[in-house]
Amino acid sequence: MSSKKNEVEDRNRESGLSRRDVLKMGAGTLGGALAAAASPGIVGAQEAAGTGTRRPNFLIIMGDGIQPTELSIAGNPIIKTPNIDRIGREGVRFQNTFVINALCAPSRATVLTGLYSRRNGVIDNKQRHIGTGIPLVSDHLRKAGYEVAFCGKSHVAGGLREYYWDYYYGYLGQKSFVNAPIAEGIDGHIGGDEVVEGYSDDVITEAAAGWLEGRREKPFCMYLFLKAPHQPFIPPRNLATLYNGVKFPVPETFDEDLKGYPGKPRAFANCDNHIGTDSTGVSTLEAMVKNHYASTVGLDQNVGRILEVLERTGKLDDTVIMFTADHGYFLGEWHFMDKRLMHEPSIRIPLLVRYPKMIKPGTVNDKMVLNLDIPSTMLELAGLEVPDSMQGQSFVPFLKGEEPGSWRKDWYYAFYEYPGPNMVPKNRGIRTERYKLMEYWEYEPKQYELYDLQQDPKEVHNLYGDPKYKDLAESLYKRMMELGKEAGEI
Ligand SMILES: [Ca+2]
């Protein structure tokens, strides 16, 4: 047992709680119980600077690889996600939200720091730490009097254990869906990893719920970063047969592989993320979608568990709740699984925000919002200054139902993990409200895709090389390079 663990145990004894008591209570209640025992005179309600109002709590819930259309609130005819839907129904649903790098660790690092991949240092999944000295949003909030918590999967090297957390319940790397080794931390001290029996997302949610249950006066920021519905798409046991026998729609591009991917470059056709190959281990579309959906339902139930705690303890309406994902997911488009490419199924994520003190229930927003924008938004909501170094744009005006003075018309994307799993070549590009230009910039020779998303939202007709679109391709390329340089990615 580590000395940190001993310290935690010592504090348990001081507070009259044995480890067994704590586990019986649900690990997460420990933070609250200890806080009550150790600090009788807890600081009063914190106020947002100059506003006279209490700063909001934050709960940022992240799933792993979800298409926005996988939610019933987005009209999915099969899957039912009532709890996630509730966040959008009682808040806002952003319909055009994207990631700037469609991969687990980079995306999570961006949501934590407000920085593009090269700026925060986590350009791929290869065990990279967030750069030394780069604060997380939670560090800024903590300075302003927040209690901060991280629960679940960060995927960045070190599992965020070098940061201060009032409560921590997380694991290193990817880990398994069942019986994962998890470390718990309280008041900045993190214990050793111990295998905790059960479905890991449920175990983690239960710990998070326990900590939230015990909260007192200070505002809090909790990241609840879960693993479902990541490959190998293992749903909780009780949901394993939920979609047995259900017929799933087949994407219209599912058989493009049989046609030789007309119009697509080799860099795209040769990606090794095809359903039905040994390398992906995914046998059929049906098997993948069935378990992906069932896992997402499990995720939804965990969202419900957390909402129930917040509601019962009177914190629901004081908390800004965001639900999002670290990237989208190919569910058979072009016979693909996974993500990484800049095509719409891969870069689009759900983003739903509930905060009834500001957001009119049932709001739907169509502007291009990025995962990069979440940190600036959180800081503005907390009444704090957004550091110039942060690269996103606060979408608070949209939460208020207002039009911001200016909003992005285009943005830069880049994916770097090559060679790597699924052998998707490095690809980068620009997406405007209407067009997308992609470049496989290290492919020999360089290859391109160009789409008119207004005419061709499914990205079937690659316009690159068509003389009619030569000028457009050139101007998009020029702008892509400008944006990439501004972002520090080129
Ligand atoms: Ca992921």
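**Notebook: a look at helix α14**

I began with the start of the chain: over residues 1-45 pLDDT (the predictor's confidence in each residue, from 0 to 100) stays under 50, and the model has 70 contacts beyond four places in sequence for them. I took a contact to be two residues whose C-beta atoms, placed from the backbone, lie within 7 Å.

I noted that this is a predicted model, where local features need pLDDT of at least 70, side-chain atom pairs count only at pLDDT 80 or more, and totals for chains, interfaces and linings use all residues. Residues are numbered from 1 along each chain as its sequence is written.

I looked up the overall confidence next: the protein averages a pLDDT of 91, and 89% of the residues score at least 70.

Then I turned to helix α14, residues 470-486 (helices are DSSP runs of H or I, at least four residues; strands are runs of E, at least two; both are numbered from the N terminus). Which residues of α14 are buried? I found Leu-476, Met-480, Leu-483 and Gly-484 (buried means 20 or more other C-beta atoms within 10 Å of a residue's own, exposed 12 or fewer, with C-beta atoms placed from the backbone). They cover an arc of only 95° around the axis, so they sit on the same side of α14. The arc is that of the directions from the helix axis to the C-beta atoms.

I checked what they pack against, and it is β13 (410-415), β14 (427-432) and β15 (435-440). On the face of α14 turned away from its buried side I found exposed residues, among them Lys-470, Asp-471 and Glu-474.

Last, I saw that Gly-488 follows α14, with a positive phi near 80°.
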